[in-house]
Amino acid sequence: MENKYFNYRYIFAIMAISFFSEGLLSQDMDSGLKDYADFPIGTAIRIETLTKDAELQALETRNFNSITSASDMKMNRVLPQEGAYYWGRIDSILDYAQSHNQRLFGHNLIWHSSTPKWVEEKALADSTWLDGFMKEYIETYVGRYKGKVKAWDVVNEGLESAGGAMRETIWYNAIGEDYIAKAFTYAHEADPDAILFYNDFNIERDTVKLKATLDVIQSLRNKGVPISGIGFQMHIRMDIPDEVIANALKKAAETGLQIHLSEVDIIFNTHDDTRNGGVQVYDRLTEEMKQAQAAKYRSLVRMYRTIVPKEQQFGITFWDFTDRDTWIKPFFNLKDWPTIYDGNLQPKPAYFGFLEGLKEKL
């Protein structure tokens with residue numbers, strides 16, 4: 001099964017990437033991905049890991065000009081107990097971003113999986129309380145970092161993992177579907193200049209979910225809700241056809257909103273979208289698989305550059321950039337190699353494929 005991802009339509013791309021990567025090894029080592037892009041190139045970070053690892057930090061600052069905190073800006077970290085806001089970690093992230101001239105992206109404001117237990121318990125006891133809490137929380141949080149956090153994922157994963165149904169979270173059940181509109185309105189009131197995103201996964205391949213997402217967004221816009229962009233998490237598999245991804249990007253771009261590839265990685269194995277739900281099909285990474293992944297990364301960049309109009313290109317963000325630190329392994333209990341650097345912090349063919357996608361003339 002190791003040859004599944006190596007087919008002849010990739011041969012030319014693989015040969016080009018191999019030649020290209022050899023040339024890049026001798027390039028100015030102060031240059032990185034960000035230096036070849038017309039839009040921001042970002043990565044998720046864990047600030048404590050990053051600041052304690054000089055080699056990792058050198059790679060991060062060389063390649064990226066935008067950062068997203070993987071976990072520390074979520075509600076369960078910001079407000080773990082009622083009335084006890086914790087700003088220290090976010091302030092350190094902001095300091096890091098500013099000192100390295102990097103854009104800080106806020107992830108996220110409302111997400112069912114990071115809602116603290118105490119919030120859920122109070123909402124279950126009094127459903128009318130949750131709307132007022134959401135307003136106070138968003139206005140306090142976004143207001144504190146007004147003009148410092150460039151953009152926010154206001155609502156994350158408001159639809160079910162597959163299909164077009166709304167996800168029945170504590171937010172949906174207590175407030176109704178209108179919780180999404182209210183969250184965007186509160187965020188805009190707190191920082192009118194912030195770019196505000198709806199962010200979700202599988203919308204690059206699940207056409208039913210994509211349509212439902214676009215319908216929700218159009219409904220929000222019809223009501224005058226201040227939504228600025230669509231975030232494609234883009235946790236993709238090698239076997240997802242490029243044509244399907246291209247169609248999704250085209251339909252999203254037709255809205256005229258900003259398009260952010262917000263959590264990019266590309267896996268070989270599969271999973272059922274649930275914790276520990278990984279299916280180990282491949283247990284070792286072959287050279288052919290590395291080259292095929294490089295071609296896939298190159299293709300993804302090319303699709304973004306050619307399909308999404310320049311003025312709508314908010315950027316591409318990796319969800320961690322090393323196989324050592326990827327979230328895929330612990331979450332899905334799955335051995336995989338989804339990023340552009342290997343476990344030893346060396347650039348993979350995927351790195352050079354992505355870079356070539358940035359540099360090639362269109």
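This passage walks through the empty spaces, one helix packing and several individual residues of a predicted model.

The open space comes first. The largest pocket holds about 800 Å³, and its lining runs to 32 residues. Nearest the centre of that pocket sit Lys-74, Trp-111, Glu-157, Trp-327 and Phe-331. Three elements each put at least two residues into the lining: helix H4 (75-78), strand E7 (235-237) and helix H13 (328-332). Sorted by class, the pocket lining comes out as ten nonpolar, twelve polar and ten charged residues.

Enclosed space is a separate matter. Rolling a probe the size of a water molecule over the atoms shows where empty space is left. The structure has one cavity of 30 Å³ or more, and the largest cavity has a volume of about 40 Å³. Its walls are built from Ile-110, Trp-111, His-112, Val-155, Asn-156, Glu-157, Thr-169, Trp-171 and Tyr-179. That lining splits into five nonpolar residues, three polar ones and one charged one. Trp-111 and Glu-157 turn up in the cavity lining, and both are also listed among the residues nearest the centre of the largest pocket.

Glu-157 deserves a closer look. This residue sits in the loop between strand E4 (151-156) and helix H8 (170-175). Its phi is positive, about 60 degrees, although Glu-157 is not a glycine. Relative accessibility is 11% here, so Glu-157 counts as buried, the cut-off being under 20%. Asn-202 tells a similar backbone story, with a positive phi near 70 degrees in a residue other than glycine. The Asn-202 site is again a loop, this time between strand E5 (195-200) and helix H10 (207-222). Asn-202 counts as buried because its relative accessibility is 5%. For context, most residues other than glycine have a negative phi, and most peptide bonds are trans. The peptide bond between His-107 and Asn-108 is cis, with omega at about -5 degrees. Asn-108 belongs to strand E3 (residues 103-110).

Tyr-179, part of the cavity lining, also takes part in a helix packing. Helix H7 (residues 129-144) and helix H9 (residues 178-190) have axes that come within 8 Å and cross at roughly 35 degrees. The crossing of H7 and H9 is right-handed. On the H7 side, the contact uses Asp-131, Met-134, Lys-135, Ile-138, Glu-139, Val-142 and Gly-143. H9 answers with Tyr-179, Lys-182, Ala-183, Tyr-186, Ala-187, Glu-189 and Ala-190. In class terms, the H7–H9 contact has eight nonpolar, one polar and five charged residues. As for the spacing along each helix, an α-helix has 3.6 residues a turn, so residues three or four places apart point the same way.

Helix H14 (residues 349-359) is mostly covered, with ten of its eleven residues buried. The buried residues are Pro-349, Ala-350, Tyr-351, Phe-352, Gly-353, Phe-354, Leu-355, Glu-356, Gly-357 and Leu-358.

Three residues from the N-terminal part of the numbering round things off. Thr-43 is found in strand E1 (residues 41-45). Its relative accessible area is 0%, so Thr-43 is buried. Beyond its neighbours within four places in sequence, Thr-43 is in contact with Glu-60, Phe-64, Ser-66, Ile-67, Thr-68, Thr-317, Phe-318, Asp-320 and Phe-321. Between Thr-43 and Gly-163 there are 28 Å, C-alpha to C-alpha, and the two are 120 residues apart in sequence.

Leu-50 lies in helix H2 (residues 47-51). With a relative accessible area of 2%, Leu-50 is buried too. Its contacts, again leaving aside neighbours within four places in sequence, are Ile-45, Leu-56, Gln-57, Glu-60 and Tyr-96. Glu-60 is thus a contact of Leu-50 as well as of Thr-43. The C-alpha atoms of Leu-50 and Glu-60 are 8.4 Å apart, with the residues ten apart in sequence.

Thr-61, in helix H3 (residues 54-63), is partly exposed, because its relative accessibility of 25% falls between the 20% and 50% cut-offs. Not counting residues up to four places away in sequence, Thr-61 touches Lys-34, Tyr-96, His-100 and Gln-102. Tyr-96 is therefore on the contact list of Thr-61 and of Leu-50, where contact means heavy atoms within 4.5 Å. Val-78 is 17 residues from Thr-61 in sequence and 26 Å from it in space, C-alpha to C-alpha.

How values were computed. Residues are numbered from 1 along each chain as its sequence is written. This is a predicted model: local features need pLDDT of at least 70, side-chain atom pairs count only at pLDDT 80 or more; totals for chains, interfaces and linings use all residues. Side-chain values use heavy atoms; hydrogens and water are left out. Axes are lines fitted to C-alpha atoms, for helices over the stretch in contact, and angles run from 0 to 180 degrees between N-to-C directions. Helices (H or I, at least four residues) and strands (E, at least two) are DSSP runs, numbered from the N terminus. A crossing is left-handed if the near helix is turned anticlockwise from the far one by less than a right angle, and right-handed if clockwise. Ala, Val, Leu, Ile, Met, Phe, Trp, Tyr, Cys and Pro count as nonpolar, Asp, Glu, Lys and Arg as charged, and the others, Gly among them, as polar. On a 1 Å grid over the protein atoms alone, a cavity is a set of points where a 1.4 Å probe fits but cannot get out, and a pocket is an open set with protein on both sides within 12 Å along at least five of seven lines; lining residues have an atom within 4 Å of a point. Grid points are joined across faces, edges and corners, and a volume is the space filled by probe spheres set on the points. Buried means under 20% relative accessible area, exposed over 50%, partly exposed in between (1.4 Å probe, protein chains only).
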